[in-house]
Amino acid sequence: MDQWAYHTRLYGAAEFVAKCDDLELVQLNSFGCGVDAITTDQVQEILESHSKVYTTLKIDEGNNLGAARIRIRSLQATMLERERNGYQRQVFNNSYGPVSFTKEMKATHTILCPQMSPLNFDLLETALRYSGYKIEVLPSVDHETTETGLKYVNNDACYPAILVVGQILTALESGKYNLNQTSIIMSQTGGGCRASCYMGFIRKALRDAGFEHVPVISLSAQSIEKNPGFKITLPALNRVAMALVYGDLLINVLYRVRPYELIKGSADALYEK
């Protein structure tokens, strides 16, 4: 989801360089945040689809430019070697797009939802099940989930993105679900933040893991993407609102009581009751 002028120019430059035999692109990264992770992934895909060499330099990791010089010299040597050998670049399509969640899928598909707030999401799961969706909130994050996320997400991405993708792929690789009757749902903010690009993170990870046929449903107030089989009706919206209010209320009273419990675990037991 291209939301920034700098990134638009960066992708335009990558597309231009990709079509020129005598040009290469070096991307300078000034800060390893979630947004930079998006641009590096996108520029790499644009260049590699035209058999170009992708080079990125992190310029905030120290004043020693020796490593940068080595990278640039290596790129130059590769260009000269290709020229001497008459290298012919191959162009291929590495694009991937959304797989629609259809109306027919509502009756058959289990919809996996990443766990982001256990006390709220347990209630949200029930609220959406009342609307006929087989929602299943994934279990809490563990070490395996984190490692899976790091395997399939750019490691400069924000930690929540790594955890979300890790939860999804751990579930799909578990063998617990029929992969032809499983979908993913994820919220999409629409703002100028990497959270709007979680859909892209997830779809790229699914493709890299061999699950590109799994639909990913975008849940957004602005209806950023069209999902013919997933609609939030007014009754469903009312239940979701109640779930959020009750969830926040229960969280507040639980956190208020827990520091004063005499028997460890009694506050959580009271919450469960």
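Which residues touch the most other members of the largest nonpolar core? In this predicted model, Phe 201 and Leu 206 hold that place among the 40 residues of the core. Five elements each give two or more residues to it, namely α1 (5-18), α2 (34-48), α7 (159-173), β5 (182-187) and α8 (198-209). Of these, α7 gives the most, with 8 residues. Leu 206 offers a good vantage point on the packing. Leaving aside residues up to four places away in sequence, Leu 206 touches Ile 168, Leu 169 and Leu 172, together with Phe 211, Glu 212, Val 214 and Val 216. A second core, separate from the one just described, has 16 residues, among them Met 105, Cys 113, Ile 135 and Val 137. As general background, nonpolar side chains in soluble globular proteins tend to be buried together.

The overall picture of the chain comes next. The protein chain has 273 residues, of which 40% count as buried. Its secondary structure comprises 10 helices and 6 strands, and its C-alpha trace spans about 75 × 50 × 35 Å along the principal axes. Contacts often bridge long stretches of sequence: among those between residues at least 6 apart, 72% join residues at least 24 apart. The chain exposes about 15,800 Å², and carbon and sulfur atoms supply 56% of that area.

How confident is the predictor in this model? The mean pLDDT of the protein chain is 88, with 96% of the residues at 70 or more. Among the elements, confidence is lowest in α2, at a mean of 86, and highest in strand β3 (residues 110-113), at 94. A reminder for any reader of predicted models is that coordinates should not be read in detail where pLDDT is low.

Helix α9 (residues 234-257) repays a closer look, and Leu 250 is one of its residues. Leu 250 contributes to a nonpolar surface patch of about 450 Å², together with Met 242, Tyr 246, Leu 249 and Val 253. Leu 250 counts as partly exposed because its relative accessibility is 30%. Ala 236 is also found in helix α9, but its setting is another matter: with a relative accessibility of 1%, Ala 236 counts as buried. The C-alpha atom of Ala 236 is 9.3 Å from that of Arg 129, although the two residues are 107 residues apart along the chain.

Charged side chains form 10 salt bridges in the model. One of them is made within helix α3 (residues 66-84), where Glu 81 and Arg 84 lie 3 residues apart, about one turn of the helix. The closest N and O atoms of this pair are 2.8 Å apart. The partners differ in their accessibility class: Glu 81 counts as partly exposed at 37% relative accessibility, whereas Arg 84 is exposed at 60%.

Another salt bridge joins Arg 207 to Asp 208, with 3.3 Å between the closest N and O atoms. Arg 207 is partly exposed, at 24% relative accessibility, and Asp 208 is likewise partly exposed, at 38%. A further salt bridge brings together the side chains of Asp 268 and Arg 258, at 2.7 Å from N to O. Here the pair links distant parts of the chain, with Asp 268 in helix α10 (residues 266-272) and Arg 258 in the loop between α9 and α10, 10 residues away. Asp 268 has a relative accessible area of 34% and is therefore partly exposed; Arg 258, at 34%, is partly exposed too. Shared partners also produce a network, in which salt bridges join Glu 45, Lys 204, Arg 207 and Asp 208.

One backbone feature rounds off the description. Ser 51 is not a glycine, yet it has a positive phi of about 60°. Ser 51 sits in the loop between α2 and β2 (55-58). Is this residue buried or exposed? With a relative accessible area of 13%, Ser 51 is buried, because the class takes in values under 20%.

Technical notes: Residues are numbered from 1 along each chain as its sequence is written. This is a predicted model: local features need pLDDT of at least 70, side-chain atom pairs count only at pLDDT 80 or more; totals for chains, interfaces and linings use all residues. Side-chain values use heavy atoms; hydrogens and water are left out. Patches are made of residues with over 30% relative accessible area and no salt bridge: like charges are joined within 9 Å, nonpolar side chains (Val, Leu, Ile, Met, Phe, Trp, Tyr) within 5 Å. Accessible areas come from the Shrake-Rupley method with a 1.4 Å probe; for residues, only the protein chains shown count as cover. A salt bridge is a side-chain nitrogen of Lys or Arg within 4 Å of a carboxyl oxygen of Asp or Glu. Helices (H or I, at least four residues) and strands (E, at least two) are DSSP runs, numbered from the N terminus. Buried means under 20% relative accessible area, exposed over 50%, partly exposed in between (1.4 Å probe, protein chains only). A nonpolar core is a set of buried Ala, Val, Leu, Ile, Met, Phe, Trp, Tyr and Cys residues joined through side-chain atoms within 4.5 Å. Contact means heavy atoms within 4.5 Å. pLDDT is the predictor's confidence in each residue, from 0 to 100.
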